[in-house]
Amino acid sequence: MPAIKEIMQTMEYGPAPEGNAEVKAWIAQRKGGFGHFIGGRFIDPDGPAIDVVNPATDEVIGRVAKGDAGDVDAAVKAARAAFPKWSGLSGYDRARYLYAIARHIQKRERFFSVLETMDNGKTIRETRDIDIPLVARHFYHHAGWAEILESEFPDHKPVGVCGQIIPWNFPLLMLAWKVAPALAAGNTVVLKPADLTPMTACAFAEVCAEIGLPAGVVNIVQGDGGTGAAVAGHPDVDKVAFTGSTGVGRIIREQIAGSGKKLSLELGGKSPFVVMEDADLDAAVEGVVDAIWFNQGEVCCAGSRIIVQEGVAPRFFEKLNARMATLRMGDPLDKTMDVGAVVSRKQLERIDNLLKQGELEGATLHRAPVDVPKRGAFCPPGFFTGSAPSNTVSQTEIFGPVATTTTFRTPDEAVQLANDTRYGLAASVWSENINRAIDIASRVKAGVVWINATNMFDAAAPFGGYRESGYGREGGRAGMQEYLTLGWEKAGKVRPAPAAAPLVVPFVGKAERPEIDVSAKLYIGGKQARPDGGHSYTVFGKGGVAVGQAGLANRKDVRNAVEAAGKATGWGGVTAHNRAQVLYFLAENLAQRRAEFAAALALTGSSPKPDDEVELTLRRAFWYAAQADKFDGAVTATKSRHVTLTVNEPLGTVGIVCPDEAPLLSMTSLILPVIAMGNTAVAVASQAHPLVAARLYQVLETSDVPAGVVNLLTGERDVLTRTLAEHDDVAAIWYCGSAEGSAAVEKASIGNLKQVWTDRGVLRDWRDPRQGQGTEYLRRASQVKTIWLPYGD
Ligand code: NDP
């Protein structure tokens, strides 16, 4: 008689299909197709429509309207009309609605799971056990934020009307990630689902109606990329939240540059999956299943680059092949299937083309020995070996169930390979040595790192990218910040016209002449530097009197400064205590020269109370010194037997463009938070009053600020800004100047998708600590990394 073990190995799976009669009946009831949901009404579809195809069967299962600019406008108007009342409700009242949504999703969980599977092609196992429970969890979690909003985010206000554009890979989950925080914060929304997967959003609209959500709070406009562009570009949308490809992210960044809209981008990834030789290899193989074969690899944070330590690589690949052979691909409604259909035949073609390219470039493709169903868009899972890091498939997001593999020898090499990508969304690290795993997690440039785990999500755990994977976070406290504003950013007066172009020829008019001539240079890499172009410009003070000359930096100086800042990134690795100490010392040295700074400010004529400005600058240095070791992360409550850490990491090099008003206070108010969080700075001083910069670098020189941590340039603001904004080694840019300059910075930032914070030409009261200082500055000077650490055997 065969042993049980043998029986287990030879046992066949019988079919276990999930019923879809209710979903079919629901669709059949709406014979005319699904229209938009605007102002609480379901609009009868007329005009152009989109066929909805089940990618597992190639059948058209429904039709949805294709929205145009008029539909988007109606939705934005409805959202605007609903905003005052919705934002005026108490947190408790909004929480009750969010709670009701969560409950109703749970009550209809099987319906939503089946509908999502039919619309997207993903397996019922995943929609039932992952997507839909996470959707409900998201609304519960954000019901909580609505409830405690006032006490947790004092002085914050909702942003207004949010335009939200989502992709097709997790249709309802992405909707929840966008809608729940927006509503909790008191915003109203216009959401556009992907045209390939519009159905669960239609059902969600019905839930909104079912629970009696006030009309206009949630509006859903169906359509394609053009409809999405109309949402992002609508002048009455205050915030755009986008998830999708990096290409479209760039288009949106450029499209809304200068509009003053808040923006969050969750874009593509090419996430490393690092297997150290001391990893539990069987667990790591299961990790690969969840990393790249989960959801057919259509996951922005999929572990798509497997990086294995050389000594264990052959064994690991052998195990991977063996495990791959057990995967089952087929009808996604069958509960025994591991792999369903990819979202469309077009996506299948795109994946196939990339796989062919990988083979052409010399990599070997290993595929699961599965039967490919005759109908539908099915893509057998696989992995490449011999894919060099420079191969197309190692660099491009395949967005299908195929990973590349590379080997490494040392942990340093693993980190180097992991970071050899323009993206930075996620990473997995597999090692039984926790010290080593955390070390690698801290050095990988990614917004989410899973240790001995992968693709874990929770509403309390911020999710989002570094580098070209976008900016902003979804989930947790950091996610809420994306839907809130401090109000004062839009409230100030518009800055007067920019200063005249710098005068580089001798000036023979009225001038203050010091006893011994004063040279104000640039400050680059800890050294005073003459401007590369050999030009200086005359600086005028009160009454148009010339008060000195400042170096006129050019593009080469900007590049030198960025290079120097790049070499000083060790600053981000010193202890927060060390940084705090340097900031206190800076304040001390500034205090020693109080009178000198006040006199210099008096000469500019731009500081009504020079002594006060110096005093406030000292206080600001103390405040950021205090915050350097206090604006820190948290341990977040997510899943059981997991510690989830959120860490505030520096961005890298931050470009700072200073305004003319309060030249010392504004410059230090911008530089101090940046360096307090461990970044390096390249600051362009006030164009009109640059001479304080020359005094400031003397203080920096005597305050133990390491060379390159702060670099100071003087010259023509918008010329220098452009080079900074286009520089790929600048991770973020803070710009104070004109409205046109702000738009130009935002446009020029799309190359590496740097984070941009502009004042859009609106004056800030630098003296007011609520405007000129605060945790908002520290938040903008850092990015959240979420590290997941499971525990137990
Ligand atoms: P897109 O970025 O094109 O689509 C994402 C969303 O944006 C969809 O709702 C889409 O509408 C909409 N959209 C498209 N163009 C514009 C525009 N100009 N302005 C505003 N909205 C727009 O991704 P795709 O669906 O085309 O997928 C292409 C590739 O992108 C994938 O193969 C994958 O590599 C990557 N991707 C990454 C995702 C991620 O989560 N990081 C998610 C999805 C895709 P519609 O779909 O209706 O045209």
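Start by selecting residues 239-243 and 262-266: these are strands S9 and S10, which pair in the parallel sense over five bridges. Two strands count as a pair if DSSP finds at least two bridges between them. Helices (H or I, at least four residues) and strands (E, at least two) are DSSP runs, numbered from the N terminus. Before going further, note that this is a predicted model, where local features need pLDDT of at least 70 and side-chain atom pairs count only at pLDDT 80 or more, while totals for chains, interfaces and linings use all residues. Residues are numbered from 1 along each chain as its sequence is written, and side-chain values use heavy atoms, with hydrogens and water left out.

**Stop 1: around S9**

Click on Ala241 and look across to S10, where its bridge partner is Ser264. Now follow the chain out of S9: it goes through helix H10 (residues 246-255) and on to S10, making a right-handed β-α-β crossover. Right-handed here means that, with the strands pointing away from the viewer, the path from the first strand over the helix to the second runs clockwise, so turn your view that way to check it.

Next, add residues 161-165. That is strand S6, which runs parallel to S9 and is joined to it by four bridges. One spot to zoom in on is Cys162, which stands opposite Lys239 in S9.

How many of the residues of S9 are buried? Five of its five, so the strand is mostly covered; buried means under 20% relative accessible area, exposed over 50%, and partly exposed in between (1.4 Å probe, protein chains only). Show the side chains and you'll see Lys239, Ala241 and Thr243 pointing one way, with Val240 and Phe242 pointing the other.

**Stop 2: the ligand**

Select the ligand and everything near it, that is, residues with a heavy atom within 4 Å. You should get 27 residues, of which Ile166, Trp168, Asp195, Ser245 and Leu267 come nearest. By class, this shell has 13 nonpolar, nine polar and five charged residues. For that count, Ala, Val, Leu, Ile, Met, Phe, Trp, Tyr, Cys and Pro are nonpolar, Asp, Glu, Lys and Arg are charged, and the others, Gly among them, are polar.

Which element gives the largest share of the shell? Colour H9 to see it: this helix supplies three residues. H9 (225-233), S9, H10 and helix H13 (345-360) each supply at least two.

Now turn on distances and look for polar contacts (pairs of N or O atoms within 3.5 Å; within protein, one must be able to donate a hydrogen and the other to accept it, and residues adjacent in sequence count only if both atoms are side-chain atoms). A ligand oxygen sits 3.0 Å from an N or O atom in the side chain of Glu397. A polar side-chain atom of Gln347 is 3.4 Å from an oxygen atom of the ligand. On the backbone side, a polar atom of Ala229 lies 3.4 Å from a ligand nitrogen. Altogether, the protein covers 85% of the 850 Å² of accessible area that the ligand has on its own (Shrake-Rupley method, 1.4 Å probe; for residues, only the protein chains shown count as cover).

**Stop 3: behind Trp168**

Keep Trp168 selected and add Asn120, which belongs to helix H5 (residues 109-120). A polar atom of the Asn120 side chain lies 2.7 Å from the backbone oxygen of Trp168. Asn120 counts as buried because its relative accessibility is 0%.

**Stop 4: three loop residues**

Most residues other than glycine have a negative phi. Pick Asn295, though, and phi is near 55 degrees. Asn295 lies in the loop between helix H11 (281-293) and strand S12 (303-309), and counts as buried because its relative accessibility is 0%. Arg641 also has a positive phi, near 55 degrees; look for Arg641 in the loop between strands S24 (634-636) and S25 (642-650).

Then go to Arg328, in the loop between helix H12 (313-324) and H13. Is Arg328 buried or exposed? At 18% relative accessibility, Arg328 counts as buried. Its C-alpha atom is 6.7 Å from that of Val370, 42 residues apart along the chain.

**Stop 5: around S29**

Finish at residues 732-735, strand S29, where Ala732 and Trp734 point one way, Ile733 and Tyr735 the other, and all are buried. Strand S26 (residues 653-657) pairs with S29 in the parallel sense over four bridges, and Val657 has Tyr735 as its bridge partner. Tyr735 also stands opposite Thr758 in S30. From S29 the chain passes through helix H26 (residues 739-748) to S30, again as a right-handed β-α-β crossover.
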